[in-house]
Amino acid sequence: MKTKHFPEGFLWGGATAANQLEGAYNEGGKGLSIFDMVSFVPKEERGHDIEMDVKSDQELEELLAKKDEGNFPKRRGIDFYHRYKEDIALFAEMGFKTFRMSISWPRIFPNGDEREPNEEGLAFYDRVFDELAKYGIEPLVTLSHYEIPLHLVQKYNGWTDRRLVDFFVHYAETVFNRYKGKVNYWLTFNEINISTFSAYIGSGILVDRVEHKEQAVYQALHHQFVASARAVKACHEIIPGAMIGCMLARMEVYPETCSPDDVLAALEEDQKNLFFTDVQVRGYYPSFMRAYFKENNINIEMLPGDEEVLLNHTVDFLSFSYYMSMVASGSPEKIKEKGNFFTGIKNPFLETSDWGWQIDPKGLRVTLKKMYDRYQVPLFIVENGLGAYDKVEEDGSINDDYRIDYLRAHIEQMSEAIKEGVDLIGYTSWGCIDLISAGTSEMSKRYGFIYVDQDDYGNGTLERRKKKSFDWYKNVIASNGEVL
Ligand code: P53
């Protein structure tokens, strides 16, 4: 008897991003991207979980003057650029139905504002898509996963400048035309809400150049919303039948107690997070956000036609990342406590990862139900997983039972949510092969089913090795989630 509830054709797979995977940062005509400029900071010197901002022109000049000195892990990735055949063969062995990856924008348009694309970059992704097709693996492609061409930062201060909308749409149309017939699932912006945490990584903004940071960030986001909607329109016109979605770093927030103040605080945090999907799925700015802008002297400049574009070209599905849940409090002094990711209060009912992220499988079910209630569109979990230290035993094995436990618990809750009526179409666990961490640039924060022999300083053979979770996930997929 079936005990799990995954529908036929459920899209099981794994997720990656070009900047953390490909390496070859200066090969094949690729231009520099914002993440090529973020260097490794050892744990002892790191202020907090996230270390990925460049703030000023001066800082950027200094980094550029360094050229190849220093430790810039995202420039080397795990060398997927040269090893994609071997890696895709391993994904196929696990039975992946889909593989989430991103196209590096500066591989296609090295500066971001040219008219003519770089053929060598286009040809690289042709080879990758053809390799996936050999095994019947559907690519799920993110157009922008923290890979803004650096030139767009220097010349335009990133997405603060309206002209980026046209540059992005031109890039999107170029790849839709090139890869129609090869790619049927697309995402516009990865974790579109990340700009509220890092203006540089999310929107390519050097904050020293702007007077009112929040104003600049929300204006940049408006440009991204418009660009995303225009990309949706272009995708539907160029590749009829393709599906294109948005992508949110989902932050499920609980009230610390049943005090109405805590409940209200949690609700407001939740609204701030769902604002992004409200615009991209419903097609308009929610009233609570307009009120927030007014209250905080934020004026979004909109052009005639913007609201229409947002309303007429909403996404086909909603995708999101989910790693942890958070706790909110109505008493301001509590908010400064550091218990979980960023600020936030520690939840005493949950375990915490080595990086301080609080593990909450049931929270995934809460979020699936809440988001399906609110939006009534298909949902796709495109990131979830456990960043952990792995140990290679003397016999070469890697026994990552903790990772299996994490994934099993989350997949169980997905099954329950589906049983309870949620339309969930797929699951791609994050970092299916070990790659460079987005937040800390560490190699030692590993998520994969496949181990990659490299340390935080780039030493290692880059050899690939199956972990215990490799065979486990293979069985999960083969049984459509029945054998966990
Ligand atoms: P790392 C913060 C919070 C939630 C998701 O993150 C985040 C971040 C940024 O660190 O990013 C997503 O590698 C992102 C991926 C990233 C993954 O989560 O810091 O889309 O690129 O690698 C995990 O452990």
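The legends below describe close-up views of a predicted model. Local features are given at pLDDT of at least 70 and side-chain atom pairs at pLDDT 80 or more, while totals for chains, interfaces and linings use all residues. Residues are numbered from 1 along each chain as its sequence is written, and side-chain values use heavy atoms, without hydrogens and water.

**View 1. The ligand and its surrounding residues.** The ligand is surrounded by 16 residues, and the closest are E383, A438, G439, K445 and Y447; a residue is near the ligand if one of its heavy atoms lies within 4 Å of it. The shell consists of eight nonpolar, five polar and three charged residues. Here Ala, Val, Leu, Ile, Met, Phe, Trp, Tyr, Cys and Pro count as nonpolar, Asp, Glu, Lys and Arg as charged, and the others, Gly among them, as polar. Ligand oxygen atoms lie 2.8 Å from an N or O atom in the side chain of Q20, 3.2 Å from one in the side chain of Y323 and 2.8 Å from a polar backbone atom of G439. Taken alone, the ligand exposes 470 Å², of which the protein buries 99% (Shrake-Rupley method, 1.4 Å probe).

**View 2. Strand β2 between its partners β1 and β3.** Helices (H or I, at least four residues) and strands (E, at least two) are DSSP runs, numbered from the N terminus. In β2 (residues 98-102), five of five residues are buried, that is, under 20% relative accessible area; exposed is over 50% and partly exposed in between (1.4 Å probe, protein chains only). T98, R100 and S102 point one way from β2, and F99 and M101 point the other way. Strand β1 (residues 11-15) pairs with β2 in the parallel sense over three bridges, with G13 opposite T98. Strand β3 (residues 138-144) also pairs with β2 in the parallel sense, over five bridges, and V141 in β3 is the bridge partner of M101. Strands pair if DSSP finds at least two bridges between them.

**View 3. Strands β6 and β8 side by side.** Strand β6 (residues 252-255) pairs with β8 in the parallel sense over four bridges. One bridge joins V253 to M326 in β8. From β8 (residues 325-328), S325 and V327 point one way and M326 and A328 the other, and all are buried.

**View 4. D161 in the loop between α7 and α8.** This loop lies between α7 (150-156) and α8 (163-179). D161 has a relative accessible area of 15%, so D161 is buried. Its side chain reaches the backbone nitrogen of R163 at 2.8 Å. Beyond neighbours within four places in sequence, D161 is in contact with Y156 and H223 (heavy atoms within 4.5 Å).

**View 5. D316 in the loop before β7.** The loop holding D316 runs between α13 (306-312) and β7 (317-321). D316 counts as partly exposed because its relative accessibility is 23%. The side chains of D316 and H236 make a polar contact at 2.8 Å; such a contact is a pair of N or O atoms within 3.5 Å, and within protein one must be able to donate a hydrogen and the other to accept it, with residues adjacent in sequence counted only if both atoms are side-chain atoms. Leaving aside residues up to four places away in sequence, D316 touches H236, A242, M243, I244, V377 and P378.

**View 6. S469 in helix α17.** Helix α17 spans residues 468-478. S469 counts as buried because its relative accessibility is 0%. Not counting residues up to four places away in sequence, S469 touches D400, R403, I404, G448 and F449.
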